[in-house]
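Subject: Structure for you to look at

Hi,

Here is the structure I said I would pass on. Have a look at it first, and then read on for what I found in it.

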Amino acid sequence: MPTQLVEIEGIFEWAKVFEHNRDYRFSEETDGEYQLSIIMDDANAKKLKAAGCQKKMAPDPEGRGTVVRLTRPHTAPNQWAGGPPPVGRPDGTKWDLEEDGLIGNGSTGRVRAAVFDTRTGRKGTRLEAIQVVNHIRHVGEGDSGAGLNSFFKDMTSVTAPATNSPSPATKSKKVAEALADDDIPF
């Protein structure tokens, strides 16, 4: 059976869909993988199963629907099957990571998945593309949510505080004097 493309909608969780945040834990041979958990309603879950998806699906612990984790390898035998999936904004334009930020849990949108026959005779499912419809910006530990580099500020007008520590030449002289008084130099 040829590859079947399926479009589903739902709530996004744990989006690791950009080159710098891909997951490496169980995918050394593919140099990491991109992944996204999507929580779907019954109609979308049935659509994915009807296409032949054999991925494990489970009830969402918070009762919001059925969860499936879709993945995509960073490197694959066929170049078209690997690399980061295209990510789009609500208006269909390309996602800009610097401007739009990371995709946070609870964001909603559409996902395109490919369901295909594998060499082993089983069905494989690959993450193909993502469109974020309702974006919730990911806010990590120590991040204000103002962007990827929100910690950094323009500090060019700030001068370093004065210190009363001895100069490096004075420190070297004191170390040399201490060594000269000691029989064992180490």
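Let me start at a turn: β6 and β7 form a hairpin with 5 residues between them, and Gly121 in that turn has a positive phi of about 90°. The element names follow DSSP runs, numbered from the N terminus: helices are H or I runs of at least four residues, and strands are E runs of at least two.

Some housekeeping before the rest. This is a predicted model, in which local features need pLDDT of at least 70 and side-chain atom pairs count only at pLDDT 80 or more, while totals for chains, interfaces and linings use all residues. Residues are numbered from 1 along each chain as its sequence is written, and side-chain values use heavy atoms, with hydrogens and water left out.

On confidence: pLDDT is the predictor's confidence in each residue, from 0 to 100. Its mean over the chain is 81, and 68% of the residues reach 70 or more. Among the elements, β3 has the highest mean, 97, and helix α3 (residues 168–181) the lowest, 58. Where pLDDT is low, the predicted coordinates should not be read in detail.

**The chain as a whole**

The chain has 3 helices and 7 strands, and from the N terminus on they run β-β-α-β-β-β-α-β-β-α. Of its 186 residues, 37% count as buried, meaning under 20% relative accessible area (exposed is over 50%, partly exposed in between; 1.4 Å probe, protein chains only). The chain exposes about 12,300 Å², with carbon and sulfur atoms supplying 54% of that; the areas come from the Shrake-Rupley method with a 1.4 Å probe, and for residues only the protein chains shown count as cover. A contact here means heavy atoms within 4.5 Å. Of the contacts with a separation of 6 or more, 66% link residues 24 or more positions apart.

**The sheet**

In what order do the strands of the open sheet come? There are 7 of them, in the order β3-β4-β2-β1-β6-β7-β5, with mixed pairing. Two strands count as paired if DSSP finds at least two bridges between them. The edges belong to β3 (57–59) and β5 (87–88), each of which has a single partner strand, so one side of each is left without a neighbour in the sheet.

Going across from one edge, β3 runs antiparallel to β4 and is joined to it by 3 bridges, with Met57 opposite Val68. Further in, β1 and β2 are antiparallel over 4 bridges, and Ile11 has Ile39 of β2 as its bridge partner. On to β6: 8 bridges join it to β1, again antiparallel, and Glu7 stands opposite Arg112 there. Arg112 also stands opposite Ala129 in β7, and the two hairpin strands β6 and β7 are held in antiparallel pairing by 10 bridges. At the other edge, β5 and β7 run parallel, with 2 bridges; one partnership there is Gly88 with Gln131.

**The core and the helix over the sheet**

Helix α1 lies across β1, β2, β3, β4 and β6, running at about 125° to β1. For that angle, axes are lines fitted to C-alpha atoms (for helices, over the stretch in contact), and angles run from 0 to 180 degrees between N-to-C directions.

The largest nonpolar core has 26 residues, and Leu48 and Ile103 have the most contacts inside it. Such a core is a set of buried Ala, Val, Leu, Ile, Met, Phe, Trp, Tyr and Cys residues joined through side-chain atoms within 4.5 Å. Elements giving it two or more residues are β1 (4–16), β2 (33–40), α1 (42–50), β4 (66–73), β6 (108–117) and β7 (123–134), and β1 gives the most, with 4. Beyond its neighbours within four places in sequence, Leu48 is in contact with Val6, Ile8, Met40, Cys53, Met57, Val68 and Ala113.

**Two polar residues to click on**

β7 is mostly covered, with 9 of its 12 residues buried. Thr125 is in this strand and counts as buried at 9% relative accessibility. Outside four places in sequence, residues touching Thr125 include Cys53, Leu70, Ala113 and Phe116.

Glu13, in β1, is buried too, at 16%. Among the residues that Glu13 touches beyond four places in sequence are Leu36, Ile39, Arg64 and Asn105. Its C-alpha lies 9.1 Å from that of Thr108, 95 residues away along the chain.

Best wishes
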